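Here are some short exercises to help you practise reading a protein structure. Try each task on your own, then follow the worked solution step by step.

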Amino acid sequence: VTTEETMTLHLRTLATGLVLSIASASGHAADRTVVLLQALTGPVAFVGAPMADGMKLAADELNAANFLGADKIKVIVVDNASDRGQSMTAVTRYGNDPEVIAILGPNSAAQAIPSSSVANELKVPLLTGTNTPVVNKAGPWGFIAAHPAEVTMPLLGNYAIKNGKVRNCAFFYAQDNEASVGMSNDLRKLTEG
């Protein structure tokens with residue numbers, strides 16, 4: 001089984017779990033609360049704000065289509081301000097709320113890695129937008145939505161070298177972000193090899 005197949009299976013398992021959690025019968029109309037923990041401000045807002053907008057739109061469309069019948073998906077949008085501490089605090093707060101069935105975010109490895117540890121302690125599903133498998137290693141409650149660097153970077157690097165005929169390149173990455181460092185390292189290995 002390849003890393004890509006493992007990640008696909010991991011995401012399908014999470015998606016199935018979320019759908020079953022959302023759709024579980026309660027006998028009466030109820031909200032299924034999902035927290036969108038996104039960076040609406042700060043350096044990661046260029047990812048977090050559109051992610052939150054897209055997730056809200058998806059929930060609105062599912063509710064309009066009566067996806068859960070009389071039940072509705074309730075969305076709580078939380079700005080982590082691209083901050084590790086605020087992310088962990090939000091996961092603690094909402095992970096202790098029995099009405100919250102899942103937390104979607106954060107998207108940066110710098111916030112997602114410590115937040116996944118908190119989510120695992122509280123046993124609340126946390127689907128992050130990062131690609132670092134460190135989130136998954138924290139325990140069974142943390143998930144990543146993107147393929148890890150060892151899957152994506154060889155594909156991109158080989159394409160650049162073979163199709164783009166790239167002969168020289170420079171590496172720019174965020175040293176405080178494990179996913180960014182991992183992507184740079186994987187691409188560097190490929191280009192120097």
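**Exercise 1: Rings and charges**

How many aromatic pairs does a search of the whole structure find?

*Solution.* Keep in mind that this is a predicted model. Step one: two rings pair if their centres lie within 6.5 Å. Step two: the search of the whole structure with this cut-off finds zero aromatic pairs. Step three: look at rings and charges instead. The charged end of R188 sits over the ring of F171, at 4.3 Å from the ring centre.

**Exercise 2: The overall plan**

Describe the order of helices and strands, and say what share of the residues is buried.

*Solution.* Start by counting: there are seven helices and five strands. Next, walk from the N terminus, where the order reads α-β-α-β-α-β-α-β-α-β-α-α. Then turn to burial: of the 193 residues, 39% are buried. Finally, consider contacts with a separation of 6 or more: 56% of them join residues 24 or more positions apart.

**Exercise 3: Pairing the strands**

Work out how β1, β2, β3 and β4 pair.

*Solution.* Begin with β1, residues 31–38. Its pairing with β2 (residues 72–79) is parallel and has eight bridges; here V34 stands opposite V75. β1 also runs parallel to β3, to which four bridges join it, and V35 has I103 as its bridge partner. Now move on to β3, which pairs with β4 in the parallel sense over two bridges. In that pairing, L104 of β3 is partnered by L127.

Now add burial. Seven of the eight residues of β1 are buried, so β1 is largely enclosed by the rest of the structure. In β3, five of five residues are buried. Take L104, in β3 (residues 100–104): its relative accessible area is 15%, and the cut-off for buried is under 20%, so L104 counts as buried.

**Exercise 4: Checking a helix**

Compare the expected span of α6 with the distance between its end C-alpha atoms.

*Solution.* Helix α6 covers residues 149–162, which makes 14 residues. At 1.5 Å a residue, counting one less than the number of residues, the expected span is 20 Å. The end C-alpha atoms are 19 Å apart, so the two values agree. As an extra step, list the buried residues of α6: A149, V151, M153 and G157.

**Exercise 5: Three loop residues**

Is T130 buried or exposed, and what does T130 touch?

*Solution.* First place T130: this residue lies in the loop between β4 (126–128) and α5 (134–137). With a relative accessible area of 3%, T130 is buried. Its contacts, leaving out residues up to four places away in sequence, include P106, A112, V135, I144 and A179. A polar atom of the T130 side chain also lies 3.5 Å from the backbone nitrogen of T132.

Next take P106, in the loop between β3 and α4 (109–122). The peptide bond that joins G105 and P106 is cis, with omega about -5°.

Last comes K123, in the loop between α4 and β4. K123 is not a glycine, yet its phi is positive, about 60°. Its relative accessibility is 57%, so K123 counts as exposed.

Technical notes:
Residues numbered from 1 in each chain as written. Predicted model: local features only at pLDDT ≥ 70, side-chain atom pairs only at ≥ 80, totals over all residues. Heavy atoms only, no water. Buried < 20%, exposed > 50% of the residue type's maximum accessible area, 1.4 Å probe, protein only. Phe/Tyr/Trp six-rings, centres within 6.5 Å; stacked < 30°, edge-to-face > 60°. Lys NZ or Arg CZ within 6 Å of the ring centre and 35° of its normal. Polar contact = N/O pair within 3.5 Å; in protein donor to acceptor, adjacent residues only side chain to side chain. Contact = heavy atoms within 4.5 Å. Pairing = 2+ DSSP bridges.
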